[in-house]
Each structure stands twice: as structure tokens, then as C-alpha cells.
Protein chains: 4
Amino acid sequence: MADGQDGLGRWPISCELPVQWGEMDALKHVNHTVFARWMETTRMYYFIACGFVDLFEKEGVGPILAGLKVDYLAPVRFPDKVTVHTTITKIGSSSFEMDYRITSAAMGGETVATATVSGVVFDYNANRSTPMPDSLRAKILKLEASGSG
Amino acid sequence: MADGQDGLGRWPISCELPVQWGEMDALKHVNHTVFARWMETTRMYYFIACGFVDLFEKEGVGPILAGLKVDYLAPVRFPDKVTVHTTITKIGSSSFEMDYRITSAAMGGETVATATVSGVVFDYNANRSTPMPDSLRAKILKLEASGSG
Amino acid sequence: MADGQDGLGRWPISCELPVQWGEMDALKHVNHTVFARWMETTRMYYFIACGFVDLFEKEGVGPILAGLKVDYLAPVRFPDKVTVHTTITKIGSSSFEMDYRITSAAMGGETVATATVSGVVFDYNANRSTPMPDSLRAKILKLEASGSG
Amino acid sequence: MADGQDGLGRWPISCELPVQWGEMDALKHVNHTVFARWMETTRMYYFIACGFVDLFEKEGVGPILAGLKVDYLAPVRFPDKVTVHTTITKIGSSSFEMDYRITSAAMGGETVATATVSGVVFDYNANRSTPMPDSLRAKILKLEASGSG
């Protein structure tokens with residue numbers, strides 16, 4: 001699915017999350033907004049792993065979400081445990097794209113949703129987008145190289 | 001923005017929602033998942049208005065969410081009041097598409113996000129998609145005709 | 001219900017909040033955690049009105065939640081509009097207590113929950129509780145005097 | 001802490017839950033409503049383990065939440081993993097009480113919140129409270145006996 005630039009799209013990060021009962025809505029399956037929350041948590045693990053959180057804390061340069069596209073493939077119910085996989089597939093001058101795949105343990109690892117997120121490298125002090133630092137790009141490529149996708 | 005089929009895309013339904021303090025996340029603006037929740041509430045008002053909720057309660061035929069695409073244009077903070085506008089832009093044999101536009105009162109009516117949702121007409125008893133009933137299609141067209149978009 | 005110290009417990013602040021569809025859980029009524037979110041939003045309006053938010057932004061002295069006690073009296077469903085009423089009932093040296101009452105428009109103004117919150121005046125810079133400034137106490141008393149409870 | 005009736009209060013059920021990034025609010029710690037969501041998930045595991053969920057699905061007799069009391073002892077931040085412990089401490093004719101203790105892995109197992117929940121045995125078909133069936137009481141006692149508290 002992730003068809004990234006050279007060296008990208010290799011799914012280096014995943015995160016296991018138990019479904020919470022209260023995440024289900026009146027249709028008795030997990031509300032569609034929760035998938036975005038799960039992906040966000042996994043994204044933060046990716047940003048910790050590649051040094052983006054460090055960069056934000058030290059220099060005020062961090063990611064900002066520009067777009068989200070989710071395809072819902074199967075409903076999820078409590079109790080279950082989902083695994084969210086993510087990878088960066090493209091790096092632009094001051095932007096990037098990530099793919100997501102969510103699988104369900106109760107459904108034997110079936111994919112319940114896929115998604116794409118577009119983000120921008122943002123200078124929170126200057127309040128504008130900024131080029132991705134070469135050092136961050138290098139760490140992302142190194143992290144992706146550890147993936148098996 | 002909404003460039004619908006004939007008679008569609010006319011934005012007949014909108015919903016005012018106050019921002020809740022706890023909807024902000026650690027970056028001090030409303031978390032991106034909340035936009036999807038606001039749109040869902042507005043979608044339900046649309047489905048009530050066009051008789052889709054009635055159809056679901058009487059015959060078990062209701063909408064199911066297949067896809068969501070959001071473009072985030074500006075951050076939202078507490079306190080504020082957003083208005084979510086929605087319209088159906090396309091009707092397929094057993095599917096439909098809706099557009100959304102979210103505006104902020106604190107930002108003078110500026111658009112803070114736009115989105116597209118794709119849905120399927122689903123027979124919850126038979127557990128499969130089903131053609132959109134002509135009567136529902138007629139009610140949607142009548143509702144859209146009341147819009148000014 | 002609010003049986004406060006002299007000059008307190010007069011319910012000066014209330015907030016109307018529309019129920020969102022996704023706030024319902026698998027039992028088809030609003031999830032119990034949402035009542036706490038509604039109260040929090042109303043609490044922030046109280047804190048804005050009495051100058052506690054200003055104090056936090058200028059001097060780093062703000063409220064911190066210590067305890068929450070909710071009695072759930074009736075289930076709430078979408079669509080509905082709730083009104084949350086709040087009042088400070090007690091002021092201690094570095095603490096305070098608030099009462100809450102939530103009513104439902106769809107149930108003709110019936111009370112669906114009552115609650116008590118205990119809070120502490122906290123110096124976020126020094127990372128410890130601190131006496132409530134006299135100026136804040138005076139503003140709270142003035143705000144309460146505007147209530148009708 | 002749990003000082004239950006004979007044979008109760010023995011903390012037989014616990015649940016590990018990773019903190020999600022989006023559970024933090026603008027004060028950069030986990031929002032207070034999330035603690036209630038975590039306890040609810042753990043409560044459902046308890047109700048599955050003692051047969052209360054089965055009873056609800058077969059006979060429409062299930063638990064309903066009447067009251068919640070939480071003491072917040074320490075803030076929680078992402079990333080962290082909490083463990084929620086729960087036990088039934090009292091069984092009345094048609095009611096029950098549960099205690100909760102939430103601990104943080106990042107804080108070396110420190111207790112970050114304690115809570116008490118009161119519930120009612122509810123006949124969802126008859127729409128009224130109902131005596132706790134002897135068979136359920138027996139299963140609760142058996143489950144509690146497996147605890148170490």
C-alpha cells in the first residue's frame with residue numbers, strides 16, 4: 001500500500017492499543033473519530049523515534065496536521081486490540097505524507113482501516129511553515145530503514 | 001466548493017456548536033478528531049431532516065461511513081462557536097457523497113476546515129449495501145432544494 | 001441544593017450545550033464521562049468570568065481539579081440540549097468547592113445530573129498550592145452576587 | 001483502601017491501558033474525564049468476568065451507573081501506561097459499589113487516582129431496578145476470591 005519515495009514507506013513503527021468500551025457509539029461499534037485518535041498516538045511514537053518531538057521541544061519546529069483521509073473497511077468492537085502501523089511515504093521541501101494501516105486482533109489481523117495524513121513542518125515561534133531540516137530528514141530515512149515493509 | 005449533481009450541493013443544513021474546553025489538546029487548539037465529531041452531529045441532523053433516520057428505525061436501512069477526507073485550514077480554540085454546513089453532492093446507486101465546511105465565529109466566519117464524506121446505504125438486517133430507495137432520494141432532493149448554496 | 005457559605009451558592013453561571021450524536025455510547029445514551037466534559041466547559045466560563053483565567057495567564061496561579069463527585073439521575077440522548085449550571089459554594093484558604101446541576105431541554109428542564117467538584121488554587125510556577133488571593137475571592141463573591149440561586 | 005463486605009474488596013481485575021496523546025488537554029496532562037473512561041473499560045472487563053454482561057445479553061438485566069466519585073492525586077502525561085485495578089466492595093439488594101485505583105508506570109507504580117462507583121442492577125426490559133440474582137452474587141464472590149487485595 002505504501003508506495004513511498006526511495007527509502008521511505010517501510011512501516012518502521014507500530015503501536016498496539018486496546019479498544020475501550022466507551023469508544024463504541026450508539027451503533028455498537030467503535031466511533032469513526034477514534035481511528036484518528038489511535039493514528040495520532042502512533043504518529044507521536046513515530047515523531048519521538050525520529051527526533052521530531054525533540055526538535056519541537058528544543059527549537060519550536062514541529063509537525064502540523066494539514067490533511068487526513070481515512071478509508072473505513074470493517075467495524076471494530078469492544079473487546080479487541082488494534083495495531084496501528086505507520087510510515088512516512090513522501091518528504092517534500094516543508095511537508096510530508098504518512099500512511100496508516102489499522103488491524104484488529106479479534107478479526108485475526110484483518111485490516112479495518114487505511115489512511116493517509118499530510119503534514120507540514122511548522123516553525124511555531126515564527127508561526128509559518130519552514131523547510132524540513134536535513135538532520136530530521138536523515139533520521140527519518142534511518143528510521144524507515146529499520147522497517148520491514 | 002460543493003459542485004454536486006443537478007439539484008444537489010446546495011448546503012441545506014447547518015449546525016452551531018460551542019467549542020468545549022476539553023476538546024483542546026496539548027497544543028492548545030481543538031484536537032483534529034473533534035472536527036470529525038462535529039461533522040457527524042451535523043450529518044445526523046441532515047439524516048433526520050431527509051428521513052434517513054426514520055428509514056433506519058423502521059426498516060433497518062441506514063447510512064454507513066465509508067470514507068472521510070478532511071483539510072485543516074486554521075486552528076480553533078476555546079472559547080469559540082463553530083458552524084458546520086453540510087450538503088449531499090452526489091448520489092450513486094447505493095452510495096452518496098457529502099461536503100462539509102466548518103466556520104469559526106471567533107475568526108469572523110472564516111472557514112477552518114473543509115471535508116468530504118463518502119457513505120453507503122446499508123441494510124443492517126441483511127448486513128450488506130442496498131440501493132438507495134427512490135423515496136429517500138426524493139426527500140434528499142427536496143431538502144437540498146431548500147438550501148441556498 | 002447548593003448550600004454555600006455566606007454570599008456563595010447563588011448559581012451565577014450557566015452554559016447551554018447541544019448533545020452531540022457521538023457522545024452516545026453502545027447503550028444509546030450519552031456516555032457518563034461526557035457529563036464531566038460539559039461541567040468542565042461551564043467551569044471554564046466561570047473561571048473566565050471571575051478572573052481566574054486571567055490570573056493564571058498573568059501570574060501562573062490557577063485552579064487544579066482535586067475531586068469530582070457525580071450523581072447520575074436520568075439518561076440523556078441525542079438530539080437534546082443540556083444546560084449546565086454552576087456555583088462556588090465554599091472557599092477555603094487555598095481550596096474551593098463548586099456545585100453543578102445539568103438539565104435537559106428534551107425532558108422539559110428535568111435535572112439529569114448533579115455534581116460537586118473540589119479544586120485547589122495552584123501556583124504552576126512554584127508547583128504547589130497557594131492561598132487564594134483576596135482579589136480573586138472578591139471577584140468570586142461579586143460574580144456570585146449576580147446569581148439568582 | 002477497599003474495605004469491603006466479607007469476601008469482597010479483593011481487587012481481582014486489572015487492566016493495562018497505554019495513554020493516548022490526544023487524551024491530554026491544554027494543560028498538557030491527561031484530561032480528568034479520561035480517568036473515568038479508563039475505569040469504565042476496566043469495569044466492563046469485570047462485568048464480563050463475573051457474568052454480568054452475559055446476564056444483560058440473555059435477560060436484559062445489567063448494571064447502570066448511579067454515582068461516581070474520583071480523587072485526583074497526580075497528573076498523567078503521554079507517553080505512559082496506566083493500570084486500573086477494580087473490585088466490588090459492597091453488594092446491596094439491588095445495588096453495588098466498586099473501588100478503583102489507577103497507577104502509572106512512568107511514575108513507578110504511583111497511584112494517580114482512586115475512585116468509587118455506585119451501580120444499580122437494572123432490568124432494561126421492565127425499565128426499573130431489580131434485585132441482584134443469587135447466581136450473579138455467587139459469581140462475583142467467586143471472582144473476588146481470586147483476588148489478592
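**Exercise 1.** In this predicted model, what share of the contacts in chain A with a separation of 6 or more comes from residues 24 or more positions apart?

*Solution.* Start by keeping just the chain A contacts with a separation of 6 or more. Then pick out those joining residues 24 or more positions apart: they make up 70%.

**Exercise 2.** Which order do the helices and strands of chain A follow along the sequence?

*Solution.* Count the pieces to begin with: chain A has 3 helices and 6 strands. Now walk along the sequence, and you get β-α-α-β-β-β-β-β-α.

**Exercise 3.** Why does the radius of gyration of chain A agree with that of a compact globule?

*Solution.* Take the 149 residues and ask what a compact globule of that length would give: a radius of gyration near 15 Å. Chain A comes out at 16 Å, so the two agree. For its outline, the C-alpha atoms fit a box of roughly 45 × 30 × 20 Å along the principal axes. As for burial, 46% of the 149 residues count as buried.

**Exercise 4.** What span should helix α1 of chain A have, at 1.5 Å a residue?

*Solution.* Helix α1 covers residues 32–49, which is 18 residues, so it should span 26 Å. Its end C-alpha atoms sit 27 Å apart, which agrees. Next, look at its surroundings: 14 of the 18 residues are buried, so α1(A) is mostly covered. Just past α1(A) you meet A:G51, with a positive phi of about 90°.

**Exercise 5.** How many residues do chain B and chain D each bring to their contact?

*Solution.* Chain B gives 7 residues and chain D gives 7 residues. Sort those on the chain B side and you find 2 nonpolar, 3 polar and 2 charged.

Definitions and conventions. Residues are numbered from 1 along each chain as its sequence is written. Chains are lettered from A and ligands numbered from 1 in the order in which they are written. This is a predicted model: local features need pLDDT of at least 70, side-chain atom pairs count only at pLDDT 80 or more; totals for chains, interfaces and linings use all residues. Two residues are in contact if their C-beta atoms, placed from the backbone, lie within 7 Å. Ala, Val, Leu, Ile, Met, Phe, Trp, Tyr, Cys and Pro count as nonpolar, Asp, Glu, Lys and Arg as charged, and the others, Gly among them, as polar. Helices (H or I, at least four residues) and strands (E, at least two) are DSSP runs, numbered from the N terminus. The radius of gyration is taken over C-alpha atoms; the globule rule is 2.2 Å times the number of residues to the power 0.38. A residue is buried if 20 or more other C-beta atoms lie within 10 Å of its own, exposed if 12 or fewer, and partly exposed in between; C-beta atoms are placed from the backbone. The expected span of a helix is 1.5 Å times one less than its number of residues.
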